[in-house]
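I opened the notebook to look at two places in this structure. I start with the ligand and then turn to the largest pocket.

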Amino acid sequence: MHDESKRLTTSFGSPVPDDQNTMTAGQRGPALLQDVHLIEKLAHFDRERIPERVVHAKGAGAWGYFEVTHDVTDYTCAEFLSAVGKRTETFARFSTVGGEKGSADTARDPRGFAVKFYTEDGNYDFVGNNTPVFFIRDPMKFPDFIHTQKRNPVTNLPDANMAWDFWSLTPESIHQVTILFSDRGTPDGYRHMNGYSGHTFMWYKANGQYVWVRIHMKTEQGIKTLTRQQATQLAGTDPDYATRDLFDAIARGDAPAWKVHAQIMQPDQADQCRFDPFDITKVWPHGEFPLVPFGRLVLDRNPANYFAEVEQAAFSPGNLVPGIAPSPDKMLQGRLFSYPDTHRHRLGPNYHLIPVNAARAAAVDNYQRDGAMRTDDNGGGAPNYGPNTMGGPASVRSVAPPMLPVTGNAGSQPRDYPQDDFEQAGALYSRVMTDGDRTNLVGNIVSHLGNAETRIQLRQAALFFKAHPEYGTRVAQGLGLPVAEVERLAAMTQDERVAATQ
Ligand code: NDP
């Protein structure tokens, strides 16, 4: 029923006399420029789309809360972790990575797992994935890597040659490639997957003591994955499968939840570690660094408006609070720049004023002013410079993380920890996966790598062989490649292998 008291207005509140007939000069004549309502309506429509994220474009989100379940005050002074039972409001966004905003939810891809915690010390963003590792360890390679996951510049089609050429030239990718091509690369919706920080972070106390941590959010719904065949079918019949599943579950009161854990490494353990604890292509083995439970994430409220809350949600791994600080992980260091830079491009310099991004439990007070779409009082009459003797805010030295010693020569260089890119991928294949997992993994790889040139297949099969001989042998057999040749390539150095497969 039309409510007579609800007036249709322009965006400036003036009642609109006619929303169905464009003003014309005469009943059969052309439209009039003075029809400001028509012009406003069309002009706004023309500007409805904002740039989609270059990665993580397709996503779904939900509101909820985080509750501390175990005491971790021995490790961090983070206020939101200060007492068992303490709750913090959260907003989470899950996503695929490579596909466009309209792409299928069930594509083989890592899944973004981002959670904003609205703490009393400002917003803390957990910006993780559903995999504990990543394809590369240096942000210099990130744009190149993502180009290989996007469309060929000529055909505008996904391109197996681009993807496998890059992976086979980037041996550190083998661990993540193995997870991606297992059925974990096609999770059954967003509720049935874990979230991992991937990066190492610092947790520190007010007295300067610190530890290194990796965060794991383990699904209480249980891990569920799709086979390649199921994922492909769903991409056609229900491309929004994961979005629908999350929204419907919350709408029916079936709130998904995750148990949140930290792996903890002492500074001297990091100094002596046999692998680089700041390398995102590596996990920290559970046997040496057990999961310490400390919280529970519950998502129990759907967004009221998708664009306002999910499309405009902007996460950054640099949104940290006292008690949590970055580590020297190079990929993390690159993301500390790239995420806010993307938000300024997509949403503007004042993206922090958009309600989903704004601090909700902390007051914001600084000397930043003006800029496009400044929508609050812009600091009013308060001083806009510091230091000042006009009552403005001052920095709080006591919240600073401990200083870290740094030595060595400045320049472009790899990190100087021992590098073994194959051991952990091999352990996953041989020790963690079931026979069924391995069969599906090999089938998933063969169906994709089979679309690349033979020389690239050979180079990549050799990397699988280096991870585990049976793994490489089964991939080679599936592709119809000579196993002896794959074994010969596997015995070479990477430079020799590349030269032999030009
Ligand atoms: P563990 O046996 O203690 O842990 C194995 C882990 O592997 C579990 O966390 C499990 O996650 C996960 N897992 C099980 N099946 C798969 C699969 N098909 N694809 C990806 N992950 C799977 O061993 P370690 O800690 O010594 O690690 C051995 C290997 O396990 C690693 O090299 C790594 O590839 C993988 N892994 C390790 C993780 C870690 O942080 N240590 C995290 C995830 C994977 P779940 O409990 O959810 O089933």
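These entries record what I looked up, place by place.

**Entry 1: the model.** I note that this is a predicted model.

**Entry 2: around the ligand.** I looked up which residues surround the ligand. There are 18 of them. The closest are His 175, Arg 184, Asn 194, Lys 218 and His 286.

**Entry 3: contacts with ligand oxygen.** I took three of these residues in turn. Arg 184 has a polar side-chain atom 2.9 Å from an oxygen atom of the ligand. For Lys 218, an N or O atom of the side chain lies 2.6 Å from a ligand oxygen. His 286 uses its backbone: a polar atom there is 2.7 Å from an oxygen atom of the ligand. I then checked the cover. On its own the ligand has 790 Å² of accessible area, and the protein covers 79% of it.

**Entry 4: where the shell comes from.** I asked which helix or strand gives the most to the shell. The answer is α10, with 4 residues. Both β7 (210–219) and α10 (423–432) supply at least two residues each. By domain, at least three shell residues come from domain 1 (59–135 + 188–353), and at least three from domain 2 (138–169 + 422–502). By type, I find 8 nonpolar, 7 polar and 3 charged residues.

**Entry 5: the largest pocket.** I moved on to the largest pocket, which holds about 1,400 Å³ of space. Its lining has 48 residues. Nearest the centre are Ala 359, Ala 363, Val 364, Asp 365 and Asn 366. β4 (122–129) and α9 (330–347) each give at least two residues to this lining. The lining divides into 22 nonpolar, 16 polar and 10 charged residues.

Technical notes
Residues numbered from 1 in each chain as written. Predicted model: local features only at pLDDT ≥ 70, side-chain atom pairs only at ≥ 80, totals over all residues. Heavy atoms only, no water. Near = heavy atom within 4 Å. Polar contact = N/O pair within 3.5 Å; in protein donor to acceptor, adjacent residues only side chain to side chain. Areas by Shrake-Rupley, 256 points an atom, 1.4 Å probe, with all protein chains shown as cover. Nonpolar A, V, L, I, M, F, W, Y, C, P; charged D, E, K, R; others polar. Domains from an automatic or database assignment. 1 Å grid on protein atoms, 1.4 Å probe; cavity = no way out; pocket = protein on both sides within 12 Å on 5 of 7 lines; lining within 4 Å. Points joined across faces, edges and corners; volume = space filled by probe spheres on them.
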